[in-house]
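Here is a short report on one protein chain. Look over the sequence and the model, then read on.

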Amino acid sequence: AWWPMYFTDYGAYLNSNRRLAALGAEVVCLAHNAVITGADEVKKYFQGAIAAAEAYHKRIVDAVKAGKDPRALAGELGVEIHAQTGPLPVDFFQKNCSLLIKNSLKHEGISVEKPA
């Protein structure tokens with residue numbers, strides 16, 4: 001399962017992944033769960049990470065543009081990723097998904113009014 005982690009800046013996340021994909025590295029050690037070996041496999045990994053981030057970003061932006069409440073969307077996305085990944089509490093994922101939503105909307109210049 002791919003869960004993009006652009007918790008601070010969507011554009012910077014993509015740029016970092018693109019730079020890493022272009023390095024020609026033969027080994028990449030992931031933070032919590034794997035080691036990827038072979039230059040082609042490493043490049044494919046980063047290409048997959050970029051594609052997943054772009055798809056997740058589009059999903060978020062499209063949902064909000066269609067009228068989905070960002071808070072409700074964060075709740076739904078958090079439940080979804082929690083079901084795929086595991087032991088941390090669902091609210092951990094929901095809070096992190098709200099950061100992804102915030103960064104996706106910021107990247108697109110979309111302002112979401114907060115209720116008074």
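Helices and strands here are runs assigned by DSSP, numbered from the N terminus; a helix has at least four residues and a strand at least two. The model is predicted.

**The chain as a whole**

The chain holds four helices and two strands. Along the sequence they follow the pattern α-β-β-α-α-α. The C-alpha atoms fill a box of roughly 50 × 35 × 20 Å along the principal axes. The chain has 116 residues, and 32% of them are buried. Take the contacts between residues at least 6 apart in sequence: 55% of these join residues at least 24 apart.

**Three helices in numbers**

The table sets out α2, α3 and α4.

| Helix | Number of residues | Distance between end C-alpha atoms | Expected span | Glycine just after, with its phi |
|---|---|---|---|---|
| α2 | 27 residues | 39 Å | 39 Å | G67, about 105 degrees |
| α3 | 16 residues | 22 Å | 22 Å | G86, about 130 degrees |
| α4 | 19 residues | 27 Å | 27 Å | G109, about 75 degrees |

How far apart should the end C-alpha atoms of α3 be, at 1.5 Å a residue? The expected span is 1.5 Å times one less than the number of residues. For the 16 residues of α3, that gives 22 Å, and the model agrees. The check also works for α4, where 27 Å is expected and 27 Å is found. α2 reaches 39 Å, close to its expected value.

Each of these helices is followed by a glycine with a positive phi. G67 comes just after α2. G86 comes just after α3. G109 comes just after α4.

**Helix α2**

α2 covers residues 39–65. Its buried residues include V42, F46, G48, A49 and I50. Further along, A52, A53, Y56, H57, I60, V61 and V64 are buried as well. Which elements help to cover them? Among them are α1, β1, β2, α3 and α4.

**Helix α3**

α3 runs over residues 70–85. D69 caps its N-terminal end. A side-chain oxygen of D69 lies 3.2 Å from the backbone nitrogen of R71. Within the helix, P70, L73, A74, G75, L77, G78 and I81 are buried. Their cover includes α2 and α4.

**Helix α4**

α4 spans residues 90–108. Buried here are F93, N96, C97, L100, I101, N103, S104 and L105. These residues pack against α1, α2 and α3.

Two of them deserve a look. N96 sits in α4. Is N96 buried or exposed? Its relative accessible area is 14%, so it counts as buried, the cut-off being under 20%. Leaving out residues up to four places away in sequence, N96 touches W3 and F7.

S104 also belongs to α4. Its relative accessible area is 0%, so S104 is buried. Beyond its neighbours within four places, S104 is in contact with Y6, H57, I60 and V61. Of these partners, H57, I60 and V61 are listed among the buried residues of α2.

**Strand β2 and I36**

β2 takes in residues 35–37, and I36 is one of them. With a relative accessible area of 18%, I36 is buried, since the cut-off is under 20%. Which residues does I36 touch, not counting residues up to four places away in sequence? They are E26, V27, V28, L30, E41, V42 and Y45. A25 is eleven residues from I36 in sequence, and their C-alpha atoms are 9.9 Å apart.

**The largest pocket**

Rolling a probe the size of a water molecule over the atoms shows where empty space is left. The largest pocket has about 840 Å³ of space. Several elements give two or more residues to its lining: α1 (10–22), β1 (27–29), α2, α3 and α4. The lining counts 26 residues. Which lie nearest the centre of the pocket? W3, M5, H32, N33 and Y45 do.

What kinds of residue make up the lining? There are 20 nonpolar residues, six polar and no charged. Two residues of that central group have appeared already: W3 touches N96, and Y45 touches I36.

Definitions and conventions: Residues numbered from 1 in each chain as written. Predicted model: local features only at pLDDT ≥ 70, side-chain atom pairs only at ≥ 80, totals over all residues. Heavy atoms only, no water. Buried < 20%, exposed > 50% of the residue type's maximum accessible area, 1.4 Å probe, protein only. Contact = heavy atoms within 4.5 Å. Polar contact = N/O pair within 3.5 Å; in protein donor to acceptor, adjacent residues only side chain to side chain. 1 Å grid on protein atoms, 1.4 Å probe; cavity = no way out; pocket = protein on both sides within 12 Å on 5 of 7 lines; lining within 4 Å. Points joined across faces, edges and corners; volume = space filled by probe spheres on them. Nonpolar A, V, L, I, M, F, W, Y, C, P; charged D, E, K, R; others polar.
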